[in-house]
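Q: Please take a close look at one part of this protein, the nonpolar core and the elements that build it. A connected account would be appreciated.

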Amino acid sequence: ISQLNETRSAVTSLVGEEASEANFEARSLLMQAYQASGIGKAQSVAEYVLDWLRGSGTEKVLVFAHHKGVLDTIEAAVSKHLKGVGHMRIDGSVPPVERAARV
């Protein structure tokens, strides 16, 4: 924490273009860490979804994820372990008009 505070103070003391570049780099690193944490949890989430689908008595579940990589992991697990079970994926690559048609 102290190292983070020191770094924050150093970035705060910058001005102009240096400040803009440092802020951009800091945000980029934060987003990379955020994505890595999502991917790191994806396999556990996939196992949870599979367990739930197998034992819940229902064949429907709705999953939201911030990162497409997480959805990729869950989709791959469902396709591999629950063959013959249909699924529908709606993510940012699906146009809004088609999203409504899929639901």
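A: The mean pLDDT of the protein is 82, and 92% of its residues reach 70 or more; pLDDT is the predictor's confidence in each residue, from 0 to 100. This is a predicted model, in which local features need pLDDT of at least 70 and side-chain atom pairs count only at pLDDT 80 or more, while totals for chains, interfaces and linings use all residues. Residues are numbered from 1 along each chain as its sequence is written, and side-chain values use heavy atoms, with hydrogens and water left out.

Among the elements, helix α1 (residues 2-12) has the lowest mean pLDDT, 69, and helix α3 (residues 68-81) the highest, 91. Helices here are DSSP runs (H or I, at least four residues), numbered from the N terminus. Where pLDDT is low, the predicted coordinates should not be read in detail.

The largest nonpolar core has 10 residues: A42, A46, V49, L50, L53, V70, I74, A77, V78 and L82. Such a core is a set of buried Ala, Val, Leu, Ile, Met, Phe, Trp, Tyr and Cys residues joined through side-chain atoms within 4.5 Å. Helices α2 and α3 each supply at least two of its residues, and α2 gives the most, with 5 residues.

Helix α2 covers residues 16-55; at 1.5 Å a residue, its 40 residues should span 58 Å (1.5 Å times one less than the number of residues). Its end C-alpha atoms are 58 Å apart, which agrees. The helix nevertheless bends by about 40° at A42, the bend being the angle between axes fitted to the seven residues ending there and the seven starting there. In α2, A22, G38, A42, A46, V49, L50 and L53 are buried, that is, under 20% relative accessible area with a 1.4 Å probe and protein chains only. Leaving aside residues up to four places away in sequence, A42 touches V70 and T73 (contact means heavy atoms within 4.5 Å). After α2 comes G57, whose phi is positive, near 85°.

The core member L82 lies in the loop between α3 and α4. L82 counts as buried because its relative accessible area is 15%. With residues up to four places away in sequence again left out, L82 touches L50, L53, R54 and A77. The C-alpha atoms of L82 and G38, 44 residues apart along the chain, are separated by 23 Å.

Methods:
Buried means under 20% relative accessible area, exposed over 50%, partly exposed in between (1.4 Å probe, protein chains only).
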